[in-house]
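User: Please take a close look at one part of this model for me, and then set that part in the context of its surroundings.

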Amino acid sequence: MRAEDQDLPVDIMELQMGPSHPATHGTIKFNLQLEGEKILDCDVEVGFLHRGFDKSCEQATWTQVIPYTDRLNYASSLINNVGYALAVEKLIGAETPPRCQYIRVIISELARIFDHLTCCGMAASELGAITAGFYMIEARELITRIIENLTGARLTVTYVRIGGVKHDLPPDFAECVAQTLKTVRRLLDDCDRLLSRNRIFLDRMSNVGVISQEKALSYCLSGPLLRATGVEYDVRKTFPYLVYDQFDFEVPVGSRGDNYDRFLCRLREIEQSMKIVEQALAKLPVGPVWIDDPRFVLPEKEKVYGSIEGLMHHFKIIMEGIQVPAGETYFAVEGGNGELGFYIVSEGGGRPYRMRVRPPCFIAMGAFHEMVKGYMIADIIPTFGMVNMIGGECDR
Amino acid sequence: MPESSAQFSFIQDKLGAKVVDIRSAQGDDVLILNRAGLRDSFLVLKQEAQLDFDFLSDITAVDYWQKKEPRFEVVYQILSRKKRQRLRVRVPVPENDPAVESLTPLWRGANFLEREVWDLYGIRFTDHPDLRRILLYDEFQGFPLRKDYPVNLCQPRVPERKIEGTFVDERSANKLLRLKKTLGIKN
């Protein structure tokens with residue numbers, strides 16, 4: 001090295017990336033300390049989408065909270081619905097009938113496929129693989145159509161109720177799902193061939209955004225981020241809920257903890273989720289989808305319009321809310337991005353006293369600086385893409 | 001369950017007087033701890049092979065305003081992946097000195113979670129490396145998740161912050177001036 005090159009002045013440059021950056025899907029700000037293009041430090045600012053989820057829930061009845069949960073992780077709102085309903089049912093001590101539990105498993109897995117497709121498709125298209133991105137969005141669209149056919153909405157579904165689901169599956173549901181999964185498999189196959197051994201994609205993804213296993217555990221990461229480092233922690237396996245213990249599925253794990261492993265984890269999980277959906281549809285029992293308990297279930301419309309008791313019953317549930325006994329509980333489900341927990345405190349009565357969500361994205365953003373430190377500024381894009389930060393859940 | 005009662009007495013032995021109460025309620029194991037020496041208590045829970053609660057799941061708080069004394073409770077959800085067990089640790093915190101020890105030396109993920117509790121409840125975490133507001137902005141007055149904070153309270157609009165040492169493009173500044181002149185806008 002020449003002498004004059006050695007003492008070239010190197011200033012640390014501060015750069016603010018975000019809050020509205022075209023390549024980061026989500027409102028978030030990174031305050032970067034750069035040396036050339038190398039990231040020395042990254043301070044993550046979240047909260048741009050904070051709307052007071054906890055405080056709003058304290059004003060709402062137990063049933064009115066369900067639409068709020070849709071808006072947490074809107075890429076997998078069905079899982080949020082299921083998690084919240086299960087937490088309240090745990091507090092009540094109620095168990096839903098088998099058919100309802102199977103339906104909840106099916107919709108959770110469909111939502112998980114939706115979530116992973118969103119994450120992988122967006123991350124691929126941000127790296128220039130628009131074709132693969134569009135294939136995944138097409139697959140996602142097919143899943144959305146099933147969800148729309150089932151719930152009447154595409155994103156904010158509000159399908160699950162405390163003590164059941166809004167209504168039973170439509171008659172052609174199993175057929176629709178079987179056809180859709182066939183197409184999704186074909187599309188994923190194409191994506192796999194387009195991406196998994198693609199030189200450009202590999203160069204941008206592998207050995208980028210690495211986090212070690214110890215650090216991942218220390219940062220409380222969960223979901224694909226943690227599994228990519230080799231830790232086999234999946235709430236569906238470790239703390240089985242619903243009827244997950246009756247299905248045959250694997251938890252894909254990575255080894256290096258980089259973006260490529262995260263991507264592969266998510267792709268494999270889509271396959272496992274499809275497997276679960278098919279098993280659940282094959283075993284789907286017949287029977288009611290609501291618990292048999294008039295304290296939590298709205299009466300049928302004929303009774304509401306035809307008898308004074310029914311009308312009063314309906315009025316009480318709507319106006320006062322269902323009555324949940326005093327107590328506190330924590331219930332976690334495996335969301336698209338990791339452990340999605342609901343901590344609920346009830347003082348008795350129709351409204352929650354305290355509602356808290358353990359947001360996997362928010363916790364992942366707490367470790368983000370660790371994932372990008374030492375890499376180039378362009379590496380933020382794939383790393384952030386594979387974290388799959390959803391503002392609604394991160395900022396609540 | 002006999003298993004958990006053996007574990008309960010083990011925790012009681014190890015932590016001694018720091019344990020206020022330990023019980024199973026509504027399907028969850030709940031441990032209520034004194035806030036004195038909190039980090040050491042968590043170190044025992046984390047490192048003792050018989051307990052092995054090595055994963056911090058969540059930190060939050062609850063405000064029992066006019067319902068309970070002491071007013072606040074910081075709530076930790078920890079779990080053992082190997083033993084497939086969860087434990088909820090509740091730490092009562094009085095209103096006149098809302099502070100507990102930070103767990104960031106044990107779990108680095110506690111950083112963001114504790115910042116959130118500080119932001120929304122105003123409970124300080126001693127020895128926290130970077131206790132700033134996180135979801136709200138620095139100029140925000142009060143702590144919104146406290147029960148005595150009204151739901152519909154409006155905060156005044158914050159004037160634009162002056163940031164020192166930022167790069168100003170003079171050409172675009174002049175362009176803006178010209179534009180204002182043509183539109184007849186005075187500063």
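How many other C-beta atoms lie within 10 Å of Leu51(B)?

Analyst: The model is predicted, so local features need pLDDT of at least 70 and side-chain atom pairs count only at pLDDT 80 or more, while totals for chains, interfaces and linings use all residues. Residues are numbered from 1 along each chain as its sequence is written, with chains lettered from A and ligands numbered from 1 in the order in which they are written.

Leu51(B) has 19 other C-beta atoms within 10 Å and is therefore partly exposed; a residue is buried at 20 or more such atoms, exposed at 12 or fewer, and partly exposed in between, with the C-beta atoms placed from the backbone. Its place in the chain is the loop between α2 (38-47) and β3 of chain B, where helices (H or I, at least four residues) and strands (E, at least two) are DSSP runs numbered from the N terminus. Once neighbours within four places in sequence are left aside, Leu51(B) is in contact with Ile11(B), Leu45(B) and Ser80(B), contact meaning that the C-beta atoms, placed from the backbone, lie within 7 Å. Phe8(B) is 43 residues away from Leu51(B) along the chain, and their C-alpha atoms are separated by 9.9 Å.

On one side of this loop is α2(B), whose buried residues are Leu38(B), Ser41(B), Phe42(B) and Leu45(B). Viewed down the axis of α2(B), these buried residues fall within an arc of 95 degrees, so they line one face of the helix; the arc is that of the directions from the helix axis to the C-beta atoms. The face of α2(B) turned away from the buried side carries Asp40(B) and Gln47(B), both exposed. As background, an α-helix has 3.6 residues a turn, so residues three or four places apart point the same way.

On the other side of the loop is β3(B), which belongs to an open sheet of 5 strands in the order β1-β2-β5-β4-β3 (chain B), with mixed pairing; two strands pair if DSSP finds at least two bridges between them. Because β1 (19-25) and β3 of chain B stand at the edges with a single partner strand each, one side of each is left without a neighbour in the sheet. Neighbouring strands of this sheet are turned by 20 degrees against each other on average, direction ignored. The pairing of β3(B) with β4(B) is antiparallel and runs over 8 bridges, and within it Phe55(B) stands opposite Leu79(B) in β4(B). Across β3 and β4 of chain B lies α3(B), running at about 5 degrees to β3(B); such axes are lines fitted to C-alpha atoms, for helices over the stretch in contact, and angles run from 0 to 180 degrees between N-to-C directions.

These elements also lead to the other chain. Between the chains, 27 residues of chain B are in contact with 32 residues of chain A. On the side of chain B that touches chain A, β3 (55-63), β4 (72-80) and α3 (110-121) of chain B each supply at least two residues, and the largest share, 6 residues, comes from β3(B). The residues of that side divide into 13 nonpolar, 7 polar and 7 charged, where Ala, Val, Leu, Ile, Met, Phe, Trp, Tyr, Cys and Pro count as nonpolar, Asp, Glu, Lys and Arg as charged, and the others, Gly among them, as polar.

In chain A, the domain assignment gives domain 1 (11-44) and domain 2 (51-395), with bounds that come from an automatic or database domain assignment. The C-alpha centres of these two domains lie 29 Å apart, and their contact takes 17 residues from domain 1 of chain A and 17 residues from domain 2 of chain A. On the domain 1 side of this contact, β2 and β3 of chain A each supply at least two residues, and β3(A) gives the most, with 6 residues.

Chain A also has an open sheet of 3 strands, in the order β1-β2-β3, with antiparallel pairing. Its edge strands are β1 (13-17) and β3 (38-45) of chain A, each pairing on one side only. There, 5 bridges join β1(A) to β2 (residues 29-35) of chain A, and Gln16(A) stands opposite Asn31(A) in β2(A).

Methods: Two residues are in contact if their C-beta atoms, placed from the backbone, lie within 7 Å.
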